[in-house]
Amino acid sequence: MVDLQGQYQSLKEQVNTSITQILESSTYINGPHVHAFQKELEMYLGVKHVIPCANGTDALQIAMMGLGLKPGDEVITADFTFAATVEVIGLLQLTPVLVDVDLDTFNIDPAAIEKAITPKTKAIVPVHLFGQCANMDVILEIAKKHNLFVIEDNAQAIGADYKFKDGRKQKAGTLGHVGSTSFFPSKNLGCYGDGGAIFTNDDELAHTLRGIVNHGMYERYHHDVVGVNSRLDSIQAAVLSAKLPKLDAYCDSRRTAAKKYSQAFKEQENIVIPITVDGCDGICEECNCHVFHQYTLRITNGKRDALVKHLNEKEIPCGVYYPIPLHKQKAYVDERYLEENFPVTNQLVEEVISLPMHTELEDEQIAYITKAVIDFVNG
Ligand SMILES: *Cc1c(COP(=O)(O)O)cnc(C)c1O
């Protein structure tokens with residue numbers, strides 16, 4: 001599904017030099033590499049504050065702590081996402097409110113958000129799933145109208161642009177009150193271990209978050225709030241500094257691969273290619289609105305499971321993200337959830353399949369994969 005070795009080979013000298021430097025100077029934690037990466041990422045994203053932390057799940061949790069959300073506050077998020085999003089809501093004893101997603105984009109459905117709002121609702125967590133932003137024009141409008149926080153889970157869409165209806169472009173993760181991301185190795189900007197970060201343009205919130213990641217300390221050994229221990233280490237920061245200047249090129253490689261996949265699949269009955277909010281295929285020359293963390297098809301003739309088996313037999317990697325909607329996961333079932341409110345996630349879990357997607361995909365591989373998929377689905 002991913003090829004991490006190819007990227008490493010092209011960065012080897014720089015990465016190895018930085019890591020050796022860290023070993024020689026013993027600045028493993030909070031060293032100059034972490035600070036440098038923080039500044040570089042702030043520049044790249046055009047955001048005032050980046051707060052590095054230990055992983056993407058922590059980033060979400062710390063963002064929610066920083067906003068002062070309290071037990072019992074309701075937080076609306078998508079039913080179709082990785083569990084980390086809802087997990088931290090539960091851990092903080094907030095009340096998760098899962099809602100359905102949009103069939104075309106796989107992202108949270110703004111109409112479903114609006115329907116789920118109650119007097120207890122405090123925040124919306126849109127997840128920019130598979131590499132493209134949720135419909136932020138509408139989500140930000142809803143949030144403003146109801147005075148809600150917007151926390152973007154941007155673990156899968158770092159580097160993507162969001163194009164507002166008025167044409168303005170802004171980086172994914174910097175659109176709401178606070179955004180989070182993950183640098184897990186297989187993410188679009190991945191390090192060689194765990195890592196994450198929080199983004200915000202709000203000076204006061206940034207200050208609060210910097211304390212929370214460091215045991216609630218704003219002054220050494222003065223613990224003003226209950227915090228956590230969540231650090232990005234210097235070695236991971238050095239890897240990320242080597243990769244960040246290449247992130248746009250990485251996104252382009254992914255888009256190029258996606259374009260080839262989509263060209264092969266777009267006329268195929270029973271196969272639905274990924275499309276974006278505006279109905280564009282996310283792969284036009286000027287648009288950077290989809291960075292294809294995953295390239296995900298819908299197989300609409302009931303052959304998805306058989307296709308997975310077939311591809312496995314042919315040793316073509318594939319994945320089903322995600323096979324079970326969160327509202328049906330044991331940890332998160334709740335009698336408030338009615339099946340009739342989740343027609344889309346219930347359908348997607350039966351139809352989606354993700355194909356190999358990374359920066360080193362070759363034409364020959366793509367041709368082999370697309371032929372195998374088409375022959376089987378329409379065979
Ligand atoms: C990967 C991921 C996370 C969690 O990131 P970790 O660094 O693994 O903790 C959270 N949300 C989404 C949507 C993800 O894909």
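Colleague: Which side chain has an N or O atom 2.8 Å from a nitrogen atom of the ligand?

Modeller: Happy to start there. This is a predicted model, and in it the side chain of D153 places an N or O atom 2.8 Å from a ligand nitrogen. To read such a pair, look for N or O atoms within 3.5 Å of each other. Ligand oxygens have partners too: one is 2.5 Å from an N or O atom in the T57 side chain, and the side chain of Q156 has an N or O atom 2.8 Å from a ligand oxygen.

Colleague: How much of the ligand does the protein bury?

Modeller: Begin with the ligand taken alone, which exposes 380 Å²; the protein buries 91% of that. The space the ligand takes is the largest pocket.

Colleague: Which residues are around the ligand?

Modeller: Among them are N55, G56, F82, A84, V127, S182 and K187, along with T57, D153 and Q156 from before. Sorting the shell by class gives 6 polar, 4 nonpolar and 2 charged residues.

Colleague: And the domains: where does the assignment put them in the chain?

Modeller: Domain 1 covers 4–245 and domain 2 covers 247–377. For their arrangement, take the centres over C-alpha atoms, which are 24 Å apart. Then turn to the contacts, where 47 residues of domain 1 meet 38 residues of domain 2.

Terms used. Residues numbered from 1 in each chain as written. Predicted model: local features only at pLDDT ≥ 70, side-chain atom pairs only at ≥ 80, totals over all residues. Heavy atoms only, no water. Near = heavy atom within 4 Å. Polar contact = N/O pair within 3.5 Å; in protein donor to acceptor, adjacent residues only side chain to side chain. Areas by Shrake-Rupley, 256 points an atom, 1.4 Å probe, with all protein chains shown as cover. 1 Å grid on protein atoms, 1.4 Å probe; cavity = no way out; pocket = protein on both sides within 12 Å on 5 of 7 lines; lining within 4 Å. Sits in = over half its atoms within 2 Å of the grid points. Nonpolar A, V, L, I, M, F, W, Y, C, P; charged D, E, K, R; others polar. Domains from an automatic or database assignment. Contact = heavy atoms within 4.5 Å.
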